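Visitor: I am new to reading protein structures. Could you show me one and explain the words people use for it?

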Amino acid sequence: MIEILVGSLIGLYGFSEAVDIKPQPAGTVNITQPLVPNGPLRESVVLEPMSQLQFRNVIRQAYDYSCGSAALTTLLDYYLGRNLEERQVMEGLLHFGEAEKIVERRGFSLLDMKRFVTALGYKSGGFRAGFDDLAQLEHPAIVPIEYAGFKHFVVVRDVYNEHVFVADPALGNISFTRVRFEEIWDQNVLFVIFPSGNEPPNAMALTDRDLRIIDDRTISMLAFREFPQMAKFTTNQADQLGSGGDIQYIRRK
């Protein structure tokens, strides 16, 4: 009996050495398709968690009031090729922005963002625009929206087939119909950071996996699940800040 057991172990060891069995990556699933002309087809696929796919190339906001810094970090990292963390961007916004007002309103404005990205060496501008302007825009843009009872900053990645694809710091990669987006787009404001020309390929560009539609009911469900404590905020009107179309968007209690 012992001889049989030892022989089996030796045989298994020899097979392992010959085949060179290696541990499979996390999420690997082996699939067998028996009904194929040349016999069973076996292949391995790696399944990506939905949460990971949902927040691909999106910085998830660390705090309920930090959508502005997370949206800006998303744009800086995945469009302009920087390698920053939200904490670093928050510190930069506090340093170059209106620190006292930021603390008072518990949120960042587009003016704070403009001052910070100027310090980083980028040109930027805040504008009022129509949907057609947004659809023709060659750059991702930060926009304020009002959805599910609260004010929020998101990054518009692109417009395709009458749908707006958004990198949302709270919900991840989502999309809106044109009609719905125009309803929630706050005062038709957008903020653009212009690349210097030395950036890597745009990691926020749409891919086939992005071309899906998430209905409003699903978005509402996700929003209330993520932020059940969020109450309705009010905001002052966006103010024109001189030449260049620069604007300020401030959240207040």
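Guide: Gladly! This is a predicted model. Let us begin with Tyr65, which has 25% relative accessibility and so counts as partly exposed.

Visitor: What makes Tyr63 partly exposed?

Guide: Its relative accessibility is 43%. Partly exposed lies between the buried limit, under 20%, and the exposed limit, over 50%, so Tyr63 counts as partly exposed.

Visitor: Why is the aromatic pair of Tyr63 and Tyr65 called stacked?

Guide: The ring centres of Tyr63 and Tyr65 are 5.4 Å apart, with 10° between the planes. Centres within 6.5 Å make a pair, and planes under 30 degrees apart count as stacked, so the name fits.

Visitor: And why is the pair of Phe96 and Phe116 called tilted?

Guide: Here the centres are 6.2 Å apart and the planes stand at 35°. Stacked needs under 30 degrees and edge-to-face over 60, so this pair is tilted. Phe96 lies in helix 4 and Phe116 in helix 6, so the pair ties together parts that are 20 residues apart in sequence.

Visitor: How do you know that Phe116 is buried?

Guide: Phe116 has 6% relative accessibility, and buried means under 20%, so Phe116 counts as buried. Phe96, at 36%, counts as partly exposed.

Visitor: Why are helix 4 and helix 6 called roughly perpendicular?

Guide: Their axes come within 8 Å and cross at roughly 100°. Angles of 65 to 115 degrees count as roughly perpendicular, and therefore these two helices do too. Among the residues making the contact are Val89 and Leu93 of helix 4 and Met113 of helix 6.

Definitions and conventions. Residues are numbered from 1 along each chain as its sequence is written. This is a predicted model: local features need pLDDT of at least 70, side-chain atom pairs count only at pLDDT 80 or more; totals for chains, interfaces and linings use all residues. Side-chain values use heavy atoms; hydrogens and water are left out. Axes are lines fitted to C-alpha atoms, for helices over the stretch in contact, and angles run from 0 to 180 degrees between N-to-C directions. Helices (H or I, at least four residues) and strands (E, at least two) are DSSP runs, numbered from the N terminus. Angles under 35 degrees count as roughly parallel, over 145 as roughly antiparallel, 65 to 115 as roughly perpendicular and the rest as oblique. Contact means heavy atoms within 4.5 Å. Rings of Phe, Tyr and Trp (its six-membered ring) pair if their centres lie within 6.5 Å; planes under 30 degrees apart count as stacked, over 60 as edge-to-face and the rest as tilted. Buried means under 20% relative accessible area, exposed over 50%, partly exposed in between (1.4 Å probe, protein chains only).
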